[in-house]
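Here is a short tour for anyone meeting this structure for the first time. Have a look at the model, then read on.

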Amino acid sequence: MTQHETPSPRRAWLKKAFVISVAAATLPKLAFGDSKAAVHYQDHPVPGKMCGMCRFFIAHGATSPGKGMMGSGMSGMKACQDGSCQVVAGEISPMGYCTLYSPLA
Ligand code: SF4
């Protein structure tokens, strides 16, 4: 193919598919920051909002988010241990907060 020929529809489609797949692999990390700093994570709550009440919080020992800080079925001090987050990397305090906070339904 010379430079003056138009690319085949199949080639154009493959190029678009490649660009979309690269964007899909990259955008979630950009959107969610992938780091605590990008989402202004802090280890203390703001009034009425904390990780332990966020739908993305995964309580210590739990396997899925959406159950709050008591989601692991534990109580007392164990329920207050750091957990993790579905969208922010690293250990997450149930008393923390970030700009992606979304309350439990
Ligand atoms: S999204 Fe933010 S507020 Fe919610 S659990 Fe993760 S770090 Fe905490």
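In this predicted model, 14 residues surround the ligand, and the closest are Cys 51, Cys 54, Phe 57, Cys 85 and Cys 98. Sorted by class, that shell holds 13 nonpolar residues, one polar residue and no charged ones.

Some of these names come back when we turn to the largest nonpolar core, which has 13 residues. Cys 51, Phe 57, Cys 85, Val 88 and Ile 92 have the most contacts inside this core. Val 88 is worth a visit: leaving aside its neighbours within four places in sequence, Val 88 is in contact with Lys 36, Val 39, Tyr 41, Cys 98 and Leu 100.

Now for two residues in loops. How many other C-beta atoms lie within 10 Å of His 40, and how many of Lys 67? The table gives both counts.

| Residue | Loop | Other C-beta atoms within 10 Å | Exposure |
|---|---|---|---|
| His 40 | between helix H1 (9-32) and strand E1 (57-58) | 11 C-beta atoms | exposed |
| Lys 67 | between E1 and strand E2 (84-85) | 16 C-beta atoms | partly exposed |

His 40 counts as exposed because the cut-off for that class is 12 or fewer such atoms. The backbone of His 40 has a phi near 55°, a positive value in a residue other than glycine.

Lys 67, leaving aside its neighbours within four places in sequence, is in contact with Ala 59 and Ala 62. Arg 55 is twelve residues from Lys 67 along the chain, and the C-alpha atoms of the two are separated by 7.0 Å.

Terms used: Residues are numbered from 1 along each chain as its sequence is written. This is a predicted model: local features need pLDDT of at least 70, side-chain atom pairs count only at pLDDT 80 or more; totals for chains, interfaces and linings use all residues. A residue is near a molecule or strand if its C-beta atom, placed from the backbone, lies within 6 Å of it. Ala, Val, Leu, Ile, Met, Phe, Trp, Tyr, Cys and Pro count as nonpolar, Asp, Glu, Lys and Arg as charged, and the others, Gly among them, as polar. Helices (H or I, at least four residues) and strands (E, at least two) are DSSP runs, numbered from the N terminus. A residue is buried if 20 or more other C-beta atoms lie within 10 Å of its own, exposed if 12 or fewer, and partly exposed in between; C-beta atoms are placed from the backbone. A nonpolar core is a set of buried Ala, Val, Leu, Ile, Met, Phe, Trp, Tyr and Cys residues joined through C-beta atoms within 7 Å. Two residues are in contact if their C-beta atoms, placed from the backbone, lie within 7 Å.
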